[in-house]
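Here are some notes to read alongside the model, written for someone meeting this kind of description early on. Please keep the structure open while going through the points.

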Amino acid sequence: MNELATKYNPSEVEDKWYDYWMRHDLFKSTPDAREPYTIVIPPPNVTGVLHMGHMLNNTIQDILVRRARMTGKNALWVPGTDHASIATEAKVVAKLAEKGIQKSDLTREEFLKHAWDWTHQYGGIILQQLRKLGASCDWSRTAFTMDEVRSKSVTKVFVDLYRRGLIYRGKRMVNWDPKAKTALSDIEVIYKEEHSKLYYLRYYIAGEDRYAVVATTRPETIMGDTAMCINPNDPKNAHLKGKRVIVPLVGREIPVIEDEYVDMEFGTGCLKVTPAHDVNDYMLGQKHNLETIDIFNDDAPSREAAGM
């Protein structure tokens with residue numbers, strides 16, 4: 001008679017039983033008359049490994065799907081991984097740089113081959129980790145967000161949305177990476193506060209020998225100015241109402257608009273508005289129907305559109 005071990009040894013239990021579950025296809029699911037119960041795993045990125053958040057989230061999903069099986073439902077937990085394109089590209093570019101290869105020297109097809117090689121090499125790590133956790137997924141349904149089936153579905157949805165008039169082009173504020181030359185989502189941007197200086201710039205009033213002074217921390221966007229904004233309740237700048245001013249360096253005439261958004265106590269109470277380069281300025285531009293001038297190229301230096 002075998003005695004029970006005094007201590008739990010996971011290597012003697014977990015691999016043994018998971019292999020048993022796999023051999024007997026206990027997690028596979030095909031449609032039948034039973035009530036369906038499906039969870040699609042929030043796909044983890046192929047660029048990394050599972051972290052504590054994944055552990056907690058996947059444990060809850062596993063409990064739910066196992067309970068559904070025990071209550072007689074046709075339970076399916078669909079596994080998969082996410083392409084994490086921006087992060088993957090950064091990893092691939094760094095790896096190529098170690099070999100002395102620049103992304104700019106490669107064609108699109110050549111770079112995609114390197115990206116797929118990376119995905120095949122590292123994407124499987126997370127799936128193996130999920131198995132180690134005992135995840136009761138139907139592994140025959142494993143998906144990747146850039147595989148052929150998923151890519152076709154994405155294309156179909158975008159075409160459908162476009163035909164229904166729900167996708168359209170327009171100038172929008174984005175987080176731009178001048179090195180990777182791509183837009184980034186807000187969650188991919190690391191914000192940090194820093195102490196900066198105020199620069200005081202003179203904007204001459206059109207047709208007059210007087211000027212208004214703007215205090216700004218971003219003088220480098222001056223070429224994208226399309227308005228000056230004052231608070232309508234600010235007595236010290238009341239003389240600017242209805243006027244036009246001239247943007248320094250560029251010589252462009254822009255209107256003076258009024259909006260209570262402007263803090264009368266900050267700087268001089270005059271705000272330079274660059275709708276293409278500040279989220280709040282973009283809001284003002286939309287509200288007051290201002291022109292949007294993007295002063296940067298894809299790799300960030302100023303361009304002819306700035307009027308220089």
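1. Before the helices are compared, one term is needed: an axis is a line fitted to C-alpha atoms, for helices over the stretch in contact, and angles run from 0 to 180 degrees between N-to-C directions. Please also keep in mind that this is a predicted model.

2. With that term in hand, helix 3 (residues 85–98) and helix 4 (residues 108–132) pack with their axes 10 Å apart, at an angle of about 105 degrees. Angles of 65 to 115 degrees count as roughly perpendicular, and helix 3 and helix 4 are therefore roughly perpendicular to each other. On the side of helix 3, the contact is made by Thr88, Glu89, Lys91, Val92, Val93, Lys95 and Leu96, while helix 4 contributes Phe111, His114, Ala115, Trp118, Gln121 and Tyr122. Sorted by class, this contact holds 7 nonpolar, 3 polar and 3 charged residues.

3. Helix 3 returns when we turn to the second largest pocket, which has a volume of about 580 Å³. Its lining consists of 21 residues, and those closest to the centre are Glu89, Ala90, Val93, Lys179 and Ala180. Two elements, helix 3 and strand 6 (182–184), give two or more residues each to this lining, and the largest share, 8 residues, comes from helix 3. The lining of the second largest pocket divides into 10 nonpolar, 5 polar and 6 charged residues.

4. Which residues lie nearest the centre of the largest pocket? They are Met173, Arg218, His277, Asp278 and Val279, out of 48 residues that line this pocket, whose volume is about 2000 Å³. Strand 5 (175–177), strand 8 (211–216), strand 12 (270–273) and helix 6 (279–288) each supply at least two lining residues, with the largest share, 4 residues, coming from helix 6. By class, the lining of the largest pocket has 21 nonpolar, 11 polar and 16 charged residues.

5. Strand 8 and strand 12 also belong to an open sheet of 6 strands, which has mixed pairing and the order 8-7-10-11-9-12. Strand 8 and strand 12 each have a single partner strand and stand at the edges, so one side of each is left without a neighbour in the sheet. From one strand to the next, the twist averages 35 degrees.

6. Within the sheet, strand 10 (residues 244–246) and strand 11 (residues 253–258) run antiparallel and are joined by 3 bridges, and Val245 stands opposite Ile254 in strand 11. Helix 6 packs on the sheet, where it touches strand 11 and strand 12, and its direction makes about 85 degrees with that of strand 12.

Terms used. Residues numbered from 1 in each chain as written. Predicted model: local features only at pLDDT ≥ 70, side-chain atom pairs only at ≥ 80, totals over all residues. Heavy atoms only, no water. Parallel < 35°, antiparallel > 145°, perpendicular 65-115°, else oblique. Contact = heavy atoms within 4.5 Å. Nonpolar A, V, L, I, M, F, W, Y, C, P; charged D, E, K, R; others polar. 1 Å grid on protein atoms, 1.4 Å probe; cavity = no way out; pocket = protein on both sides within 12 Å on 5 of 7 lines; lining within 4 Å. Points joined across faces, edges and corners; volume = space filled by probe spheres on them. Pairing = 2+ DSSP bridges.
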